[in-house]
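Subject: Structure for your review

Dear colleague,

Please find below the sequence and structure that I am handing over to you. My findings follow directly after.

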Amino acid sequence: MAKAIMIQGTASNAGKSLLCAGLCRIFAQDGYRVAPFKSQNMALNSAITAEGFEIGRAQYVQAMAAGVLPSVDMNPVLLKPTSHVGSQVIVSGVPRATLSAREYYQYKKALRPEIEAAYRRLSADNDIIVIEGAGSPAEINLRADDFVNMGMAKIADAPVLLCGDIDRGGVFASLYGTVKLLEIEEQDRIKGLIINKFRGDVEILRPGLGTLEELTGKPVLGVVPMLQVDIDDEDSLSSRFGRGDRVGLIDIAVIRLPRISNFTDFNPLERMEQVSLRYVDDPRDLGAPDLVILPGTKNTLDDLKWLRQNGLEAKLLQHAGAGGALLGICGGYQMLGEAISDPEGVEGGGTLRGLGLLPGRTVFRGEKTRTQVEGTFTAASGIFAGMAGTAFTGYEIHMGETENPCPAMALRDQTGREKTDGQSRGNVLGCYIHGLFDRGECAKALVDCLLQARGLTAQTAAVDWNAYQETQFNLLSDGLRRAIDMEAVYRILGTK
């Protein structure tokens with residue numbers, strides 16, 4: 001069975017996911033078979049494994065950092081919020097129910113055997129498991145039946161490294177308070193502290209580090225700087241939403257829907273030197289972009305209502321009517337059609353008029369489409385005409401099926417089934433495919449189309465997102481090796 005080590009945090013967004021990815025890469029570089037694990041993840045960014053199962057994006061990325069194929073066992077429970085009080089519950093990669101927080105709290109006891117079984121399978125096939133906690137272990141109201149933080153550490157008999165985010169302030173109090181709110185047995189599991197996201201001279205911290213070690217009885221194993229690495233984010237706490245200061249030849253505005261999901265779709269575009277990419281949730285900030293993107297969403301109906309109520313729908317119709325380019329992906333694609341119907345109450349029921357920019361209606365059914373795909377643009381029009389013939393890879397995760405009288409893509413899913421997807425009319429294009437721009441030639445083709453529409457010469461450099469991510473993983477591991485006492489980490493693991 002594998003050795004295990006667990007990263008817990010003093011709060012959400014303390015940097016657990018990034019630290020886990022970095023440790024996965026370090027252990028893999030050092031010759032170990034390593035896999036990530038998070039028993040329960042809550043995120044709107046997800047991914048599809050080669051078997052067609054849905055897992056949290058963070059564990060998918062951590063598997064890539066470890067150099068292994070992502071597996072559903074790496075994230076057996078995924079919660080995708082559909083409202084402020086409810087989530088779709090995905091177990092072993094398949095949707096099982098949509099429950100309120102109270103309903104899930106009562107239901108979760110039944111999930112423990114499945115989580116333990118997933119962990120045992122991973123442990124049997126690897127040398128080291130890097131386990132990620134969720135939120136904070138000091139959420140003492142959730143201690144009963146916990147299988148995410150200290151409860152998971154107990155299941156795996158894993159030592160814990162506790163990290164705190166110094167960038168948000170109060171890191172000494174949060175680390176000390178977290179330790180002291182835990183039961184003695186739980187405190188004993190913590191073998192070291194990590195201070196994360198530090199800016200400045202670490203020597204200024206030294207007196208505080210010594211006092212923290214005295215008060216907690218735990219060694220500080222490292223002070224990790226604010227690393228300049230570009231690795232996919234887990235959820236909507238992402239700092240990407242605050243970016244957009246760079247001025248490029250092409251201005252792309254992504255509508256920041258309230259329940260935006262899989263916004264990692266656009267990270268490759270953000271890295272292209274010709275592009276400035278920004279997120280917009282106020283009609284006054286839309287301006288006159290070269291391209292507007294309607295992204296995926298966990299609740300298409302509610303986000304369509306929001307788009308209509310806050311005035312962005314009118315702005316998008318005006319933009320498209322003036323010949324502006326508009327791209328919809330997944331839920332955004334559904335919004336572009338004539339209507340969306342929910343006869344089975346998948347998203348609460350009812351029918352809403354769409355933006356009417358593409359033909360066809362969407363109907364929600366209980367079954368969820370989950371598959372990796374590869375294909376080619378077979379038809380595109382207007383500004384997007386140059387996309388025809390471009391190959392792509394990606395994945396589908398969606399409820400609902402959309403009538404498709406004028407398909408723009410031919411593709412094959414992971415079972416070998418051939419089908420069509422997407423529609424193009426004028427300067428409006430929509431499809432269900434996430435990860436469309438991870439393949440460099442597809443991102444290049446899109447940006448070349450936008451450059452040509454402005455009368456500029458298309459000289460775009462293709463970005464191989466997978467190769468780029470490999471570079472970022474290595475930068476991350478290099479940064480952690482410099483910042484963290486890895487000899488101590490290996491001693492805690494019991495491998496040395």
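Immediately after helix α1, Gly31 adopts a positive phi of about 95°. Please bear in mind throughout that this is a predicted model. Helix α1 itself covers residues 16-29, and its 14 residues reach 20 Å from the first C-alpha to the last, close to the 20 Å expected at 1.5 Å a residue. Eleven of the 14 residues of α1 are buried, so the helix is largely enclosed by the rest of the structure. Among the buried residues are Leu19, Leu23, Ile26 and Phe27, but also Lys16, Ser17 and Arg25.

A positive phi of about 95° also occurs at Gly311, just after helix α10. In α10 (residues 300-309), the buried residues are Thr300, Leu301, Asp303, Leu304 and Leu307. Viewed down the axis of α10, these buried residues fall within an arc of 165°, so they line one face of the helix.

Two residues of α10 recur in what follows, beginning with Leu307.

Nonpolar cores

In soluble globular proteins, nonpolar side chains tend to be buried together. In this model the largest nonpolar core has 65 residues, and Leu269 and Leu307 are those with the most contacts inside it. Helix α13 (residues 440-453) supplies the largest share of this core, namely eight residues. Apart from this core lies another, of 44 residues, which includes Phe37, Val91, Val148 and Val220.

What surrounds Leu269, if its neighbours within four places in sequence are left aside? Leu269 is in contact with Ile252, Val275, Leu277, Ile293, Phe437, Ala443, Leu446 and Val447.

Salt bridges

The count of salt bridges comes to 33. Three of them are described here.

The second residue of α10 to note is Asp303, which forms a salt bridge with Arg259, the closest N and O atoms being 2.7 Å apart. This pair links distant parts of the chain: Asp303 belongs to helix α10, whereas Arg259 lies in the loop between β13 (250-255) and β14 (260-261), and the two are 44 residues apart. Are these partners buried or exposed? Both Asp303 and Arg259 are buried.

Arg417 and Asp413 also meet through their side chains in a salt bridge, at 3.4 Å from N to O. Arg417 is partly exposed, with a relative accessible area of 48%, whereas Asp413 counts as buried at 9% relative accessibility. Elsewhere, salt bridges that share partners join Arg259, Asp302, Asp303 and Lys305 into one network.

The third case is the salt bridge between the side chains of Arg112 and Glu116, at 3.2 Å from N to O. Both residues lie in helix α4 (residues 112-124), four residues apart, which is about one turn of the helix. Arg112 is partly exposed, with a relative accessible area of 28%, and Glu116 likewise counts as partly exposed, at 24% relative accessibility.

Strands

Strand β1 (residues 3-9) is mostly covered, as six of its seven residues are buried. Which strands does β1 pair with? Five bridges join β1 to strand β9 (residues 128-132), and the two run parallel. Four bridges join β1 to strand β10 (residues 160-165), again in parallel. Met6 takes part in both pairings: its bridge partner in β9 is Ile131, and in β10 it stands opposite Val160.

Strand β18 (residues 325-329) has five of its five residues buried, so it is largely enclosed by the rest of the structure. Ala325, Leu327 and Ile329 point one way from β18, while Leu326 and Gly328 point the other way, and all are buried. Strand β16 (residues 291-294) is joined to β18 by four bridges, and these strands run parallel; within this pairing, Val292 stands opposite Leu326. β18 also pairs in the parallel sense with strand β25 (residues 428-431), over four bridges, and there the bridge partner of Ile329 is Cys431.

Yours sincerely

Technical notes
Residues numbered from 1 in each chain as written. Predicted model: local features only at pLDDT ≥ 70, side-chain atom pairs only at ≥ 80, totals over all residues. Heavy atoms only, no water. Core = buried A, V, L, I, M, F, W, Y, C linked by side-chain atoms within 4.5 Å. Buried < 20%, exposed > 50% of the residue type's maximum accessible area, 1.4 Å probe, protein only. Contact = heavy atoms within 4.5 Å. Arc of directions from axis to C-beta. Expected span 1.5 Å × (residues − 1). Salt bridge = Lys/Arg side-chain N within 4 Å of Asp/Glu carboxyl O. Pairing = 2+ DSSP bridges.
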